[in-house]
Structures are given as structure tokens and as C-alpha cells.
Amino acid sequence: MSDAWVAALAERLQGSEAYKKAARDWRSSMALALLPEPEKGIEACAVVLDLYEGQCRSAVRVAGPGPYEADYVIRGVGENWRKLLHKEIYPVPALMKGELQLVKGGTTALMMKMPAAQALLDEAGALPTKYPG
């Protein structure tokens, strides 16, 4: 979650017709948080996205463990984020199994927005990404 990666994600979301269509009713901010793994040299951080009606109004990398200013906060370890972006795991089962944790925001409301969340993850997964560890 480098600053360059976060900027590329925002740009990709802005240019994605698939995301715009899936997220046309989304009016919430979201933080995708990386849990620290000191043994792997991974520090806590998050990308905080201001999402509104298919637009990414801002995307900011925030260092540290939070709290993050967002309507929804989902956190997980790096390996689970990698699996999610490569479609080795999927959002709903990952949340149900505890591979990712929804620490802020309503589960039911998020589930109703899953097409938008999946479109966002599809765009993030298409970015060139270097994973630590």
C-alpha cells in the first residue's frame, strides 16, 4: 500500500466503467487496513477511499494502526489481502471465516453493496503489486 499504489488505484477506479456502474449507489468511505506483521517487516497502514456514486473522490494512504476515518473499515494480514486480490478467496466467505475483519460498519449494509466492493477489488487486483514477505 505505497502512496504510488494508492494513487494508481484511485486513477483506475476513476477510469473504470465497470466500477462506476456497480458503485453508482455507493455513498460511503472505506478503509482497507493492513495488519502489522513485524516478523515480515510489515507495518500497519490503510488506504482510505472516499467513494461516492461510482466516483473515487479521494484515496489516501494512512500509516499506523488507526483508527481510520471511514464508514467501513476492513482489516487483514497481507497474505489474505493478496489472496483476495488474486481471487483465491472472496469477500463474503473471507469475512465469515475471519480471514478479514469488518471492524467498523454494518455487515448487512456492506453485503448489499458487494457488487461495488467486488468491482473495487477487481480494479485493485489488476494493479501491478509487490507483496512483502
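Contact here means heavy atoms within 4.5 Å, and this notion will be useful when the packing of helix H3 is described below. The model discussed is a predicted one.

It is helpful to start with the overall architecture. The protein chain contains six helices and five strands, and read from the N terminus the elements follow the order α-α-β-β-β-β-α-α-β-α-α. With a radius of gyration of 14 Å, close to the 14 Å that the globule rule gives for 133 residues, the protein chain is as compact as a globular protein of that length. Along the principal axes, its C-alpha atoms occupy a box of roughly 40 × 30 × 30 Å.

Burial and surface can be taken together. Of the 133 residues, 41% count as buried, while the accessible surface comes to about 7100 Å², with 54% of this area belonging to carbon and sulfur atoms. The protein chain carries 16 positive and 16 negative charges, and the mean positions of the two sets are 3 Å apart. As for links across the sequence, among contacts between residues at least 6 apart, 63% join residues at least 24 apart.

Strand S1 deserves a closer look. This strand spans residues 27-34, and seven of its eight residues are buried, so S1 is largely enclosed by the rest of the structure. Two pairings involve S1. Strand S2 (residues 45-52) runs antiparallel to S1 and is joined to it by eight bridges; here Ser28 has Leu51 of S2 as its bridge partner. Strand S4 (residues 72-76), in turn, pairs with S1 in the parallel sense over five bridges, and in this pairing Ala31 stands opposite Val73. As a general reminder for reading such strands, side chains in a regular strand alternate between the two faces of the sheet.

Attention now turns to helix H3, which covers residues 78-85. H3 is mostly covered, with six of its eight residues buried; these are Gly78, Asn80, Trp81, Arg82, Leu84 and Leu85. What do the buried residues of H3 pack against? Their partners include both strands and helices: S1 and S4 on the one hand, and helix H1 (3-15), helix H4 (91-97) and helix H6 (114-125) on the other. S1 thus appears again in this part of the model, as a packing partner of H3 as well as a bridge partner of S4. Just after H3, Lys87 adopts a positive phi of about 60°.

Note on methods
Residues are numbered from 1 along each chain as its sequence is written. This is a predicted model: local features need pLDDT of at least 70, side-chain atom pairs count only at pLDDT 80 or more; totals for chains, interfaces and linings use all residues. Side-chain values use heavy atoms; hydrogens and water are left out. Helices (H or I, at least four residues) and strands (E, at least two) are DSSP runs, numbered from the N terminus. The radius of gyration is taken over C-alpha atoms; the globule rule is 2.2 Å times the number of residues to the power 0.38. Buried means under 20% relative accessible area, exposed over 50%, partly exposed in between (1.4 Å probe, protein chains only). Accessible areas come from the Shrake-Rupley method with a 1.4 Å probe; for residues, only the protein chains shown count as cover. Lys and Arg count as positive and Asp and Glu as negative; His and the chain ends are not counted. The place of a charge is taken as NZ of Lys, CZ of Arg, CG of Asp or CD of Glu. Two strands pair if DSSP finds at least two bridges between them.
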